[in-house]
Amino acid sequence: MSSAHPTPAAPSAPRLPLAGVLRVGRPSDIWFKPALSVVAAMAPPSLTLLALGRLDLAMYAMAGSLCALYAHNRPYAARAGALMWVVLGMLGGLAVALVTASLTGSAVALVTVGALLAAAQKALCDATRTGPPGNVVLTFVSSASLFAPQTLDQVPGHLALAAATGAWAWLVCMAPALLRPHGPERRATATALKAAAAYADTGGTGEGHAPARATGYAAVHAAWQSLLATGAPSRTRHALERLVVRAEVALAAPEQADAGRLRGWARALRGTGPVPQACLPPAAADELLGVDTARPRWARLGPLTPLAARTALGCALAGYASLALGIGRPYWALVTAASLYQANITLTWSRAVQRVVGNVVGVLVFAAVAPLAHLGQAALVLCCLAFSFGAELLISRNYWLGSVCVTPMALLITEFAGYRATGELMTERVADTVVGALVGFGAAVAITNRRAGDRVEHALTAAGRARGHAARLLAEPDPDPAALESARRGLAAALADLRTAADAAAGEWWRRALPQERVVLTEQSGHRTLAATARRQGLLPDQDTATETEDARP
């Protein structure tokens with residue numbers, strides 16, 4: 001094969017789609033977990049404040065309760081730490097917002113602080129992969145608190161209330177561990193098996209094989225990360241590892257995989273029954289421990305700088321524009337802008353359309369529900385709980401559907417301190433949504449992400465290095481089994497990262513030409529090497545030695 005690099009394709013601006021943006025998909029497999037958890041976390045504090053006649057403090061209680069939306073896809077050992085940091089991050093943003101609100105009444109200063117907080121929350125959530133729902137809930141809490149009347153002597157009490165409800169949310173999210181301690185790992189493994197089965201259905205060459213393969217490797221990588229986060233090894237973990245290896249093997253040789261068996265194993269992982277035992281060759285069975293190929297979290301902050309800059313500028317300009325128009329609630333425009341920013345311009349555009357449509361429909365829902373909610377404060381609390389459940393029920397189907405419930409819930413929360421004219425709230429919400437979406441998207445276009453192309457180049461280099469390392473081990477007469485397994489896992493992770501980087505860069509504007517051909521060739525050669533490595537480990541049927549040598553050639 002020639003070592004010359006193919007000429008990059010000329011750059012072209014990505015299309016901004018409308019078709020399919022509002023298409024309703026399948027719900028998340030675990031949608032009911034955040035839905036039930038947030039209701040369980042919100043109900044006791046809200047009803048207690050209602051009984052005490054202090055519903056005006058409900059906003060601070062909800063700040064902690066909303067932490068129950070996070071980390072439901074993580075094993076319980078990792079979930080405990082992740083939720084702790086979410087609660088602490090929420091308290092940190094809330095503290096900055098409350099202190100700022102108590103020290104100044106300047107709306108411009110408040111918007112500026114809110115925008116800086118939103119950018120920091122965006123960068124940290126993306127770097128630590130905290131989500132869903134990511135930074136949006138944290139930004140909503142801190143931004144709303146900036147515009148709540150506050151004095152310094154009230155801050156400790158409000159923070160204490162948020163901390164108490166945050167601790168309660170932590171307990172709610174950890175409680176299922178008593179009934180199904182390995183639930184998250186089982187779900188992650190089942191997802192990997194189903195994704196591998198979907199790729200096996202294509203035979204590796206059929207229609208849609210490339211996206212199916214990328215989805216499969218991403219699911220397998222996520223499964224390994226889940227298993228690595230479970231803590232001490234156990235029989236259940238080893239059984240799940242063997243199943244993940246079978247998914248990896250199916251991805252390496254889809255034409256030889258039994259898709260029906262893979263789906264059968266995935267179904268067997270539901271509930272609390274025994275984990276299916278996948279047979280592996282004795283030589284391979286001893287080398288199953290996953291290899292953590294993730295980069296240090298702080299190393300991910302560098303590529304996120306353009307996204308953080310977009311968030312800061314977009315949120316600030318959206319808030320300033322709302323102030324200039326005299327709408328009255330600039331933090332709604334700020335939060336709208338903060339919710340838009342995705343991995344690239346194309347995805348940001350889609351989110352902007354979804355946000356506007358969802359909020360407009362949600363305002364109409366609020367108009368229909370307001371008479372019921374105004375029957376009394378108890379009705380107000382119950383409506384908020386119902387909408388919080390509905391948001392999690394719908395948001396995984398499409399973001400705009402979730403916004404249909406989030407919007408009336410946010411409007412009802414503003415009435416905890418006293419009822420407002422329904423028409424006024426509706427007008428302000430729609431105006432701030434439109435302003436936030438237009439200005440926020442404009443900031444995304446204005447701040448180019450030149451690093452998207454750099455990330456592709458780095459991913460190409462990393463994938464080439466990982467493939468070369470695996471090929472050198474394959475060339476040895478008797479490679480160390482653990483080193484070979486580590487090389488295979490590292491190459492799979494590098495290829496998954498390359499596909500993610502290429503997809504993100506393809507949807508970015510004002511970028512330089514992308515080396516599309518190099519990406520395709522690197523992926524093809526990398527997957528051939530993965531198959532050769534799996535074959536050398538005894539995980540695939542023996543094939544012609546010459547073919548194996550050709551596949552492994554650097």
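So, a salt bridge here is a side-chain nitrogen of Lys or Arg within 4 Å of a carboxyl oxygen of Asp or Glu. Keep that in mind for later.

What you have in front of you is a predicted model: local features need pLDDT of at least 70, side-chain atom pairs count only at pLDDT 80 or more, and totals for chains, interfaces and linings use all residues. Residues are numbered from 1 along each chain as its sequence is written, and side-chain values use heavy atoms, with hydrogens and water left out.

Okay, the overview. The protein chain has 21 helices and zero strands; helices (H or I, at least four residues) and strands (E, at least two) are DSSP runs, numbered from the N terminus. Of its 554 residues, 52% count as buried. By buried I mean under 20% relative accessible area, with exposed over 50% and partly exposed in between (1.4 Å probe, protein chains only). The accessible surface comes to about 23,500 Å², and 64% of that belongs to carbon and sulfur atoms; areas are from the Shrake-Rupley method with a 1.4 Å probe, and for residues only the protein chains shown count as cover. As for contacts, meaning heavy atoms within 4.5 Å: among those between residues at least 6 apart in sequence, 81% join residues at least 24 apart.

Let's go inside. A nonpolar core is a set of buried Ala, Val, Leu, Ile, Met, Phe, Trp, Tyr and Cys residues joined through side-chain atoms within 4.5 Å. The largest one has 59 residues, and those touching the most other members are Leu 193, Val 220, Leu 243, Leu 262, Leu 269 and Val 456. Several helices each put at least two residues into this core, including helix 7 (183-202), helix 8 (209-228), helix 9 (235-252) and helix 10 (259-268), and further along helix 18 (451-475), helix 19 (481-506) and helix 20 (516-536). Take Val 456: beyond its neighbours within four places in sequence, it's in contact with Leu 498, Ala 501, Ala 502, Ala 505, Leu 514, Pro 515 and Val 519. There's also a second, separate core of 58 residues, with Ala 68, Leu 138, Val 363 and Phe 416 among them.

Helix 13, residues 330-340, is a nice one to click on. How many of its residues are buried? It's 11 of 11, among them Tyr 331, Trp 332 and Leu 340. They pack against helix 4 (107-127), helix 5 (135-146), helix 12 (305-325), helix 14 (345-373), helix 16 (399-413) and helix 17.

Helix 17 also shows up on the outside. Val 360, Val 430, Val 434 and Leu 438 make a nonpolar surface patch with about 300 Å² of accessible area together. Patch residues have over 30% relative accessible area and no salt bridge; nonpolar side chains (Val, Leu, Ile, Met, Phe, Trp, Tyr) are joined within 5 Å, like charges within 9 Å. Helix 17, residues 422-446, gives the most to the patch, with three residues. Leu 438 sits in that helix and counts as exposed because its relative accessibility is 62%.

Now the charges. By the rule I opened with, there are 14 salt bridges. Asp 201 pairs with Arg 263, closest N and O atoms 2.5 Å apart. Asp 201 is in helix 7 and Arg 263 in helix 10, so the pair ties together parts 62 residues apart in sequence. Arg 263 is partly exposed, at 30% relative accessible area.

Inside helix 9, Arg 237 and Glu 241 meet at 3.0 Å, N to O. They're four residues apart, about one turn of the helix, and both are buried.

Helix 19 has its own pair, Glu 485 and Arg 488, at 2.9 Å, N to O. Glu 485 is buried at 3% relative accessible area, and Arg 488 is buried at 4%. Those two belong to a salt-bridge network with Glu 248 and Arg 489. Arg 489 is in helix 19, buried at 4%.

Last one: which side chain of opposite charge is nearest to Arg 79? It's Glu 185, 7.4 Å away, and Arg 79 is buried yet has no salt bridge. For charge, Lys and Arg count as positive and Asp and Glu as negative, with His and the chain ends not counted. Arg 79 lies in helix 3, residues 76-103, and its contacts beyond four places in sequence include His 72, Asn 73, Cys 173, Met 174 and Arg 187.
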